[in-house]
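Reader: Please take a close look at the largest pocket of this model, and then at some of the helices and a buried side chain elsewhere in the chain.

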Amino acid sequence: MATDTRHPLTGRHRTGAPTARHLGGAAGTPDDRPRLGAHACWYPAADPAAEQVAFICDRGGWPQLWTAPVGGSEARLLDAASDHVTEVSWSPDGRWIAYTVSPGGSGHTRVLCVRPDGSDRRILAGAAPGSSAYLGCWTRDGTALAVTIAEPTPGHPAPHEHTERPAGWTERDGHAALLHDGGPEDLAPPARDRLSAYLVDPAAVSAPVFLAEETEAATLRVCDISQDGGLALLRRGPRGRREAVVVRPADPTPLRVLGVADGDPWIGRFSPDARTVWLRSDHQREFAALLALDLDGPGDPARDVRVLAQRADCDLELLAFVEHGRRAALAWNVLGTSALETLPLTDGETAPYEGAEDTGEAEESGTAVPRAVELEHEVVTRVAPAGPDGMLVALSGSQRRPGVWHLPGAALPAPAPWTARDADTVPPGPAPVRPVPLRPTARDGLLLGGWYRRAPGHADGEPAPCVIHLHGGPEEQERPVFDPLYHELLGRGLDVFAPDVRGSSGWGRTFRDADLGEGRFAAIQDVADCAAYVIESGLADPRRLAVMGHSYGGYLTLASLVWHPELFRTGVTVCGMSDFATFFAGTEPWLADSAAHKYGHPERDQALLRALSPMSRVDALRVPLLAIHGEHDTNVPPLESEQIVAAARNLGLEAELLLLHEEGHDFRRAESRRLFRLTAADWIQRRLPPV
């Protein structure tokens with residue numbers, strides 16, 4: 001058998017010691033980088049001394065890697081490439097910045113690294129055709145970075161090869177239109193990814209060290225390596241069934257396995273002595289909490305797991321470790337808004353607490369006392385350590401897109417000088433609308449959630465034209481944050497109601513799982529019940545309702561239009577699934593594995609998936625339809641929009657497709673986002689005319 005000489009991370013053939021692909025330095029200079037009036041900053045990562053911060057900023061028109069002094073105002077572009085940056089991590093020794101990029105906006109990601117001065121930029125993993133790479137943690141000394149490589153099973157085509165456009169597809173004026181039906185035949189079953197985790201030296205002095213491999217898990221991320229390097233903390237599994245796994249490097253036998261919550265992948269950390277793992281977990285719980293898993297225990301979760309921090313009615317959404325691991329930063333999701341606090345930690349000695357109402361009396365009894373952190377805006381999107389006693393917090397809210405706040409020690413948080421001011425993150429013109437929380441009730445009695453935005457100029461008691469906007473996931477949650485699309489719709493006199501139907505996160509495990517299997521039919525009914533709620537409340541005009549959504553929200557939009565054809569006057573589906581058979585055949589293998597748990601197995605549950613597919617009921621469609629999709633979307637391939645538009649046109653309905661170039665499942669370029677929201681708002685406004 002011939003020896004495979006390819007580098008396991010970059011996919012390049014090698015003859016000697018493995019080397020990462022070197023790309024040179026040359027970040028952009030102040031003279032060659034464009035600046036936008038409205039931009040945001042997010043995903044901060046500080047160097048060990050908390051003197052410099054690396055972060056993502058879209059002031060150049062798309063998400064790029066920037067650095068700036070913590071207390072300075074001048075930011076520097078570190079990578080001027082056109083690839084979208086999605087994650088950032090500064091090495092503990094300060095020598096490297098690692099980051100993830102999405103070439104062309106697709107779901108196939110790469111992990112790169114660069115020196116803090118912008119030199120020596122190189123690909124660490126994900127350059128091999130058809131592969132993807134995911135950022136993991138650094139070793140505690142910063143000499144190696146954990147990465148995960150996903151490689152399709154040999155013999156299976158890449159997902160995008162299943163999404164060739166049907167016959168009759170043309171493009172005009174930036175819009176893609178389907179003239180008649182058609183498409184690929186004999187759809188192949190989805191390939192399965194082999195997920196392999198390695199420790200790689202960014203300087204390529206030593207060969208990658210194998211950590212772990214998974215063939216059945218939908219995801220695999222290395223979240224922490226113990227101080228002595230003897231243990232690794234992995235996060236694996238499909239949506240709704242994530243697990244924390246403790247292993248020894250290169251040993252496939254799990255030492256501990258514990259269920260953990262969906263959401264942020266950075267689930268926990270080893271204590272300094274590696275006898276305890278601190279985890280954000282919903283193990284046998286309705287809401288995620290901070291748990292301590294004793295690695296010296298008998299291996300029985302009932303005896304080895306202790307609760308360190310919990311709240312009775314909300315999730316622990318984000319967990320970070322600050323002050324060199326001496327404190328945990330806890331971001332709680334309270335009905336869609338964030339409450340942030342820090343909690344002291346020791347090697348397994350921290351006593352539990354319930355909620356944020358603890359006082360000094362608890363401290364005398366040995367119970368840990370949290371320290372609340374005041375927030376200037378409603379939602380925390382990330383927390384990162386900054387030196388021995390500080391932290392960085394990425395905030396978003398109803399009045400701004402994301403920015404970064406610095407907390408030096410116990411001081412009040414202050415916006416970093418280089419982050420965009422509130423006014424600079426939103427388009428010029430009217431002030432953003434503050435949303436109001438609503439709690440509709442479904443027809444089966446389930447209490448739902450959501451946020452209503454009233455367009456300026458609408459009098460109280462005056463029913464207004466309204467867009468029901470449905471989020472993706474389905475496990476995502478509507479949050480009170482500024483959305484340029486909502487701002488555009490509101491500026492045209494259109495109210496926006498963005499509900500959380502069953503299946504959304506933030507309302508407990510039971511609510512999140514209420515849409516599984518045949519529960520999907522009830523989620524479709526929830527959309528109609530939410531529309532009825534805002535009509536009966538006197539907010540929305542029943543003659544001027546539209547429905548719109550992205551990803552799963554795009555699917556739910558299509559499902560609502562064919563299950564409730566009399567309710568809406570038009571719909572806009574964005575990167576939404578129209579037929580589960582073609583979706584499973586064309587999506588990424590890891591996503592197919594995860595989606596099977598949510599929607600049904602593509603082979604065992606064919607009848608259910610057929611019944612749930614909008615294409616199976618497309619003859620019930622009655623209203624104009626606009627579909628918007630990224631041409632490089634590998635999560636929900638463009639075929640899903642193309643075939644529903646073709647079917648609508650065959651019914652004699654008005655239907656169009658906008659295909660956004662150099663975009664994937666999420667639209668990240670400024671010009672694409674602008675075209676998206678203007679096209680969607682124009683479409684809806686013309687079909688919800690004033691009465």
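Author: The pocket comes before the helices and the side chain.

This is a predicted model, in which local features need pLDDT of at least 70, side-chain atom pairs count only at pLDDT 80 or more, and totals for chains, interfaces and linings use all residues. Residues are numbered from 1 along each chain as its sequence is written, and side-chain values use heavy atoms, with hydrogens and water left out.

The largest pocket holds about 1000 Å³ of space. On a 1 Å grid over the protein atoms alone, a pocket is an open set of points where a 1.4 Å probe fits, with protein on both sides within 12 Å along at least five of seven lines; lining residues have an atom within 4 Å of a point. Points are joined across faces, edges and corners, and the volume is the space filled by probe spheres set on them. The lining counts 36 residues, and Trp90, Pro92, Arg269, Phe321 and Pro385 lie nearest the centre. Two or more lining residues come from each of strands E2 (41-46), E6 (84-90), E10 (132-138), E16 (220-225), E20 (268-270), E24 (315-322) and E29 (379-386). E29 gives the most, with 6 residues. Helices (H or I, at least four residues) and strands (E, at least two) are DSSP runs, numbered from the N terminus. By class, the lining has 21 nonpolar, 9 polar and 6 charged residues; Ala, Val, Leu, Ile, Met, Phe, Trp, Tyr, Cys and Pro count as nonpolar, Asp, Glu, Lys and Arg as charged, and the others, Gly among them, as polar.

Asp79 is in strand E5 (residues 76-79). Asp79 is buried, at 5% relative accessible area; buried means under 20% with a 1.4 Å probe, protein chains only. Its side chain reaches the backbone nitrogen of Ala81 at 2.9 Å and makes a polar contact of 3.4 Å with the side chain of Arg121. A polar contact is a pair of N or O atoms within 3.5 Å; within protein, one must be able to donate a hydrogen and the other to accept it, and residues adjacent in sequence count only if both atoms are side-chain atoms.

In helix H3 (residues 484-491), Leu485, Tyr486, His487, Leu489 and Leu490 are buried. At the start of H3, a side-chain oxygen of Asp483 comes to within 2.8 Å of the backbone nitrogen of Leu485. After H3 comes Gly493, with a positive phi near 80°.

Conventions. Buried means under 20% relative accessible area, exposed over 50%, partly exposed in between (1.4 Å probe, protein chains only).
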